[in-house]
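Morning, everyone. I'll put the model up, then go straight to one helix pair and the annotated spans.

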Amino acid sequence: MSIWPYLLIAPTVLGSAYLLLYPLVRNLVISVQHFRLGELIRGGATFVGLDNYREALADPVFWAVVRRTLLFTVVNVVLIMVLSTLVALLLSALGKWLRLLVMGCLVLTWATPIIAATTVFQWLFQSRLGVVNWVLVQLGFEQFQDYTWFANGSSTFGILVALIVWQSVPFAALSLYSAMTTVPSELYESAKIDGAGSWRLFTSITFPILRPMFGLILSLEVIWVFKSFVQIWAISQGGPGDATTTLPVYAFQIAQSLNKYDLGAAVSMITVLLLVVVLLAYFRQMFKQEAEL
Amino acid sequence: MKWRRIPLTASALLVCVVAVFPVYWMVLTAFKPTKDIQAPTPTFWPTTVSFDHFATAVRASGFWLFWRNSLVVSLGGVLLALAVALLAAFAVARMRWKGRRAFILMVFVAQMTPWEALLIPMYVIARDTDMLDKLSMLTLIYFMITLPFTIVTLRGFLGAIPVDLEEAALVDGCTRFQAFRRIVFPLLAPGLMSTSLFGFITAWNEFAFANLLIIKNRDDRTLPVWLSSFSNTFGTDWGATMAASTLFMVPVLLVFLALQGRVTSGITAGAVKG
């Protein structure tokens with residue numbers, strides 16, 4: 001028994017303790033304190049028990065945000081899963097050159113930095129010179145002449161969904177496709193001889209064999225979409241009104257704009273708790289996959 | 001059978017167009033002369049190429065400063081993570097010790113940290129320790145964000161290198177450190193390279209912490225934060241905004257090109273989106 005392995009992991013453990021565990025604990029502590037601007041500057045915060053949680057949970061705005069976050073997550077994740085499955089199936093049906101072309105295009109999307117994508121989407125949907133409005137008007141939808149997408153709650157919500165789906169499909173599709181290549185082709189051939197159509201091939205062979213992979217991607221996407229913050233903050237900061245305020249944005253808003261750090265921390269803790277539920281499902285899938293730990 | 005390929009090819013092309021169009025439109029707008037951008041009917045092909053917008057973007061106040069800040073913070077965080085992760089990955093992949101399983105589990109959990117939920121305590125901690133408006137705080141955070149992923153992938157690369165090679169070197173009279181430096185390290189270099197490039201992308205793109213922790217000292221901002229406030233810098237000059245976005249994307253694209261094999265083989269660890 002040597003001391004070496006412990007020395008080797010010491011920097012990792014120390015770093016995580018200070019930069020990960022400590023912030024998490026600090027968040028928990030702030031969430032049970034009275035911690036506003038005064039306490040931030042002067043210190044000396046007092047403990048108030050679960051008051052912040054009570055205040056957050058009693059606020060109808062909080063529940064509206066929770067409902068909106070769930071809607072946002074469900075709409076995004078369903079679209080991402082359906083579209084990336086279709087794209088993955090498409091990739092496996094294509095010939096070599098066309099497949100490489102599509103994969104190249106997907107990688108380009110995947111490589112686009114979030115902030116570059118948010119500026120581009122604002123430009124695409126710009127009211128007067130944006131190309132989307134021009135195309136819609138050309139197609140005969142005259143009402144889109146100079147339409148201001150970002151002044152309307154639902155259209156901003158829609159653009160954010162389009163942006164997140166556009167950014168998320170490449171990763172999911174490429175992962176599903178590379179999993180599909182591991183399914184032995186003999187299975188498909190014998191099923192085809194038995195007269196199975198493409199839908200039958202997918203439901204009886206591809207999906208059952210790749211169920212763990214689908215589960216893994218599904219839980220990753222749920223986590224990523226649920227906690228997405230940058231896209232929303234960069235495009236709408238949760239607005240107009242609170243049409244695009246999801247839980248992470250809400251927590252940040254009440255902490256930063258209203259200086260209610262205590263309430264923001266409580267909402268963050270609730271967000272983390274909700275995420276942990278999904279994470280547990282994710283880790284169950286992952287450790288089934290990773291036989292040797 | 002030929003006619004059956006038509007819908008397939010058509011959907012393949014549709015996927016390509018949807019995937020590429022926003023990026024294409026960004027680059028195209030960046031190269032368009034202003035009068036073409038403001039024309040009532042947009043052109044979808046490059047007719048006249050103009051570099052004016054790139055000149056505007058590069059000459060914008062602080063551009064090179066923010067570029068340098070981003071580079072320093074990303075490289076600093078990634079190199080730190082690489083050094084620390086290499087030690088930990090070696091302990092995990094090459095040694096047997098009590099608590100190893102628990103440690104690996106901790107790394108996997110750390111990889112899924114919802115950083116978006118830790119913005120408030122980070123702000124309070126940075127304020128308390130006088131680290132607000134300091135690039136070193138960002139470097140530390142980027143180190144922590146990339147560290148778990150770096151350990152997981154380096155452990156994978158190390159595990160793929162046969163232990164026999166090292167043992168042979170030890171038999172031939174190398175010390176453990178020499179065996180690592182002469183045998184393992186050269187074999188590990190490609191893995192180190194691709195791991196650090198993924199970490200670099202994550203740090204280069206990071207917005208939430210940079211936006212929160214650099215407030216008063218505007219010279220210490222990073223590119224993503226500057227770019228997100230383009231309407232303050234460029235107003236309604238969309239050409240310059242798109243030129244700046246293009247310049248911001250170029251390093252990331254180069255990294256992806258360098259890594260294309262590994263990217264398409266599907267690294268499921270979720271490295272890029274973090």
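H4(A) passes H1(B) in a left-handed crossing; left-handed means that the near helix is turned anticlockwise from the far one by less than a right angle, and clockwise would be right-handed. This is a predicted model: local features need pLDDT of at least 70, side-chain atom pairs count only at pLDDT 80 or more, and totals for chains, interfaces and linings use all residues. Residues are numbered from 1 along each chain as its sequence is written, while chains are lettered from A and ligands numbered from 1 in the order written.

Which residues are these helices? H4 is residues 60–93 of chain A, and H1 is residues 5–31 of chain B. Helices are DSSP runs (H or I, at least four residues), strands likewise (E, at least two), numbered from the N terminus.

Now the geometry. The two pack at about 125°, axes 10 Å apart. Axes are lines fitted to C-alpha atoms, for helices over the stretch in contact; angles run from 0 to 180 degrees between N-to-C directions. H4(A) and H1(B) are therefore oblique to each other (under 35 degrees is roughly parallel, over 145 roughly antiparallel, 65 to 115 roughly perpendicular, the rest oblique).

Who touches whom? A:Val87, A:Leu90 and A:Ala93 meet B:Leu8, B:Ser11, B:Ala12 and B:Val15. Contact means C-beta atoms, placed from the backbone, within 7 Å.

On to annotation. The unreviewed UniProt entry puts "domain: ABC transmembrane type-1" at residues 67–259 of chain B. UniProt annotations may be inferred rather than shown by experiment; positions use the numbering here, and feature names are shortened. That span is 79% helix and 0% strand. The entry's "transmembrane region" features include residues 71–91 of chain B. Residues 71–91 of chain B are 100% helix, end C-alpha atoms 30 Å apart.

Note on methods
Contact = placed C-beta atoms within 7 Å.
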